[in-house]
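Got your viewer open? Here is a tour you can follow selection by selection, so keep the mouse handy.

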Amino acid sequence: MSWTASLTRRLLVTPAYWWAGMLLVVLIGGLLWVSRTDPVAGAYAIRQAVVEHEQAGVPRVFSVDLPHVWDDQSPRWEGEARYRLAWPEALVVGQGDARPLGLLLPRVGARYRVWLNGQEVAGRFWTYDGFADASLVPQIVSLPRAWLVADPKANRLEIEVRGQPLRKSGLSLVQVGDHDALKQRHAQLMWWQVYATWMVAACSLMLGLMALLLWLNTHERLFGLLAAATFAWTIRLVLTPLETPPMSFEVWYYLQKLSFTVYCGCLYLFMWDLFDYRQGFIRSFVNGLLVVGPVWLAVTVYVNSYAMYQLWMAIITLTSVVALVKLFHRARWGLDANQRLMVVFGAATMATGVRDFAVVNLGVPGDADIRWMTVGSLMLMYALGWVLVRRVSSAMEQVRLLNAELSRKVGEREDELQRLFERLRLVESQRVLEAERRRLTRDMHDGLGSQLVQALNVVRGGQQLDSASVAAMLNHALEDLRMTLDSLEPMDGDLPTILGTLRQRIAPALQAASVELDWQVEEVPPIPGLEARGVLHVFRCLQEVFANILKHANARRVTVITRDLGCQVELCVRDDGVGLGAIRKASAPGSGGRGMGNIRLRAAELGVAVSFEDARPGTCVRFTFPLQPTDPMPQ
């Protein structure tokens, strides 16, 4: 188990570009095996033909080698041409041989008809009104044995071709023989030329959508360039295998060539951004190509000039080679994993394009029917997708590290804030205790202290002492002390409880004065803000009210009422005495209103509204407590 674990660790730490290199070796090996030039068993290749083509209104006959490309002729061929192919002498048609025969045309363009011994066998898109191009897909045609003669030299095989301006027209190498064997070769060509194209288009579209989503979320230019490149390549791949596109030839041609230009330009800019090369003449030149390309291709289609297209492709190819070589040259040192991966796959993709150009256009030995560029672009899609994943994973890792660092700093700040909060809480607690101490000191000084000083003055006056008066003063001081202590009890804003506590203190005085107490206190909601200080203010206010009733009102009945008014609680103390006006007239000059002033001041500190009203008979003192906290009067 130790060696398997060691091998697993080694595989996991192997850089991605090594895996990419091995994948490239496998793909290139597969392409070499598929592209081997072994003859198809049971079929024969026709490599020469006699072609009849009209030039300047005069029919002319030429002997050509296959594949024959019209674009290579000077002047370039246009219109229609009829190829006469010699029947292979080794392909003898016996009377007892029932095997079907077939004709394989890997590339023939753009429309064609096949004639066997003067009779038309097949006509692909020959009478189709719209744009059609049979050269985009390999073609296979069945040859009726009944139309053949026993002598191979007497059989005549003709293929009539109609070219399409601005398209590569002509006839590739033709194979004739056993239909089943040729059908297998046709399926192989279909897979590599058509199905692989659709597969790469699907991969390109998926990669483009991923890059687009990342660009929309990050607004990073790198992802935007990758999305533009892959979408452009998807459009080109989708248009390539369509035999009858739902558009005119001019629109199809313009979109296909323009998408290739955008793909190349954006891909180069993407790689330059990936390698962090943001300056340079080549970069500016590529940006210029992206601007000039749409106009150049539009003029090419308008004037129907294949030479302009060839010049444009030469510029694109030369720019591609120079840009990639310069890019790889500048990045030969200090590459990261993503850059190495792009170097490997970029070189491999360029190699597939060079191979196709050499085999198809220059006649280098190889299977010209199978193009490597499609698979090469699939390898490039893999590299781009891997770079995208690595880029995103790297960004996510950075985000994770940033989040971890942020969490650490937030934790430190929370600890610091917690310490500060504890200190503030301690300071606030000390401040509250100090304020409460000062309040109690002041209240005791104003109440208990004044009563004791008054009693002390009476004792020190040297006059005959009235024990009843001294007892009354001391009893008053004692009641004041009890009231102060009562205010310290937790009552949680419960007004009936507060009033019940006060009732115990004032009931004896009312009873001694023969004043009846009508207690109509009902349950009301808790009143916010009635802590110890607020309770004492309520006690003092009501103490002053009852003192005025006993001293001045000559009342026989006092009614205490509480009511819930919804958003307020009302407390009303009403007597049946002489009334507020009579009390004011009987008061000594300069002393009137002092008690009511103290009541208003304490009520204002609580944020409570107070009013003094004539009850006819008597007086009504009304307190209105808000059920929402209000800002009390500043002290």
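Start by selecting Ala-110, which sits in the loop between strand 7 (108-109) and strand 8 (111-116). Keep in mind as you click around that this is a predicted model. Now add Gly-109 to the selection and look at the bond between the two: Gly-109 and Ala-110 are joined by a cis peptide bond, with omega at about 5 degrees. What makes that worth a stop? Most peptide bonds are trans.

There's another one to visit. Select Leu-66 and Pro-67: a cis peptide bond joins this pair too, and omega is about 5 degrees. Pro-67 belongs to the loop between strand 3 and strand 4 (68-69).

**The open sheet of six**

Next, colour strands 3, 2, 5, 11, 8 and 9. These 6 strands make an open sheet, in the order 3-2-5-11-8-9, with antiparallel pairing. Which strands stand at the edges? They are strand 3 (58-65) and strand 9 (119-124); each has a single partner strand, so one side of each has no neighbour in the sheet. Turn the sheet and look for its twist, which averages 20 degrees from one strand to the next.

Zoom in on strand 2 (residues 48-55) and strand 3, an antiparallel pair joined by 8 bridges. Try picking out some partners: Val-51 has Phe-62 in strand 3 as its bridge partner, while Glu-54 is matched with Pro-59 in strand 3. Then follow the chain round the hairpin of these two strands, where 2 residues lie between the strands and Ala-56 takes a positive phi near 55 degrees.

Positive phi is something to look out for, since most residues other than glycine have a negative one. Select Asn-117, in the loop between strand 8 and strand 9, and you'll find a phi near 50 degrees. Is Asn-117 buried or exposed? It counts as buried, at 17% relative accessibility.

Now jump to Asn-304, in the loop between helix 6 (281-303) and helix 7. Asn-304 isn't a glycine either, yet its phi is positive, about 55 degrees. Its relative accessibility is 41%, so Asn-304 counts as partly exposed.

**Rings with rings**

Time to show the aromatic side chains: the structure holds 12 aromatic pairs. Begin with Trp-70 and Trp-77, whose ring centres are 6.0 Å apart and whose planes meet at 55 degrees, so this pair is tilted. Switch on the surface and check both residues: Trp-70 is buried, at 1% relative accessible area, and Trp-77 is buried as well, at 4%.

Then select Tyr-253 and Tyr-309. Here the ring centres lie 5.8 Å apart and the planes are at 65 degrees, so the pair is edge-to-face. Which helices do they come from? Tyr-253 is in helix 5 (residues 249-274) and Tyr-309 is in helix 7 (residues 306-330), so the pair ties together parts that are 56 residues apart in sequence. Both tyrosines are tucked away: Tyr-253 is buried at a relative accessible area of 1%, and Tyr-309 is buried at 12%.

Keep those two on screen and add Phe-131, Phe-249 and Trp-252. Ring pairs link Phe-131, Phe-249, Trp-252, Tyr-253 and Tyr-309 into a cluster.

**Two arginines**

For a ring with a charge over it, select Trp-126 and Arg-162. Arg-162 lies over the face of Trp-126, 4.2 Å from the ring centre.

The other arginine to find is Arg-236, in helix 4 (residues 221-239). Arg-236 counts as buried, with 17% relative accessibility. What lies 3.3 Å from a polar atom of its side chain? Draw the distance and you'll land on the backbone oxygen of Gln-256.

**The open sheet of five**

For the last big selection, colour strands 14, 15, 16, 18 and 17. These 5 strands form an open sheet in the order 14-15-16-18-17, and the pairing is mixed. Strand 14 (516-520) and strand 17 (609-614) are the edge strands, each with a single partner strand, so one side of each is without a neighbour in the sheet. The twist averages 15 degrees from one strand to the next.

Within this sheet, strand 16 (residues 568-575) and strand 18 (residues 619-626) run antiparallel and are joined by 7 bridges. Pick Arg-574, and its bridge partner in strand 18 is Cys-620.

Finish with the cysteines. Cys-620 is buried, at 3% relative accessible area, and Cys-572 is buried, at 4%. How many disulfides does the structure hold? The count is 0.

Methods
Residues numbered from 1 in each chain as written. Predicted model: local features only at pLDDT ≥ 70, side-chain atom pairs only at ≥ 80, totals over all residues. Heavy atoms only, no water. Phe/Tyr/Trp six-rings, centres within 6.5 Å; stacked < 30°, edge-to-face > 60°. Buried < 20%, exposed > 50% of the residue type's maximum accessible area, 1.4 Å probe, protein only. Helix = DSSP H or I, 4+ residues; strand = E, 2+ residues; numbered from the N terminus. Lys NZ or Arg CZ within 6 Å of the ring centre and 35° of its normal. Pairing = 2+ DSSP bridges. Axes fitted to C-alpha atoms, helices over the stretch in contact; angles between N-to-C directions. Disulfide = S-S within 2.5 Å. Polar contact = N/O pair within 3.5 Å; in protein donor to acceptor, adjacent residues only side chain to side chain.
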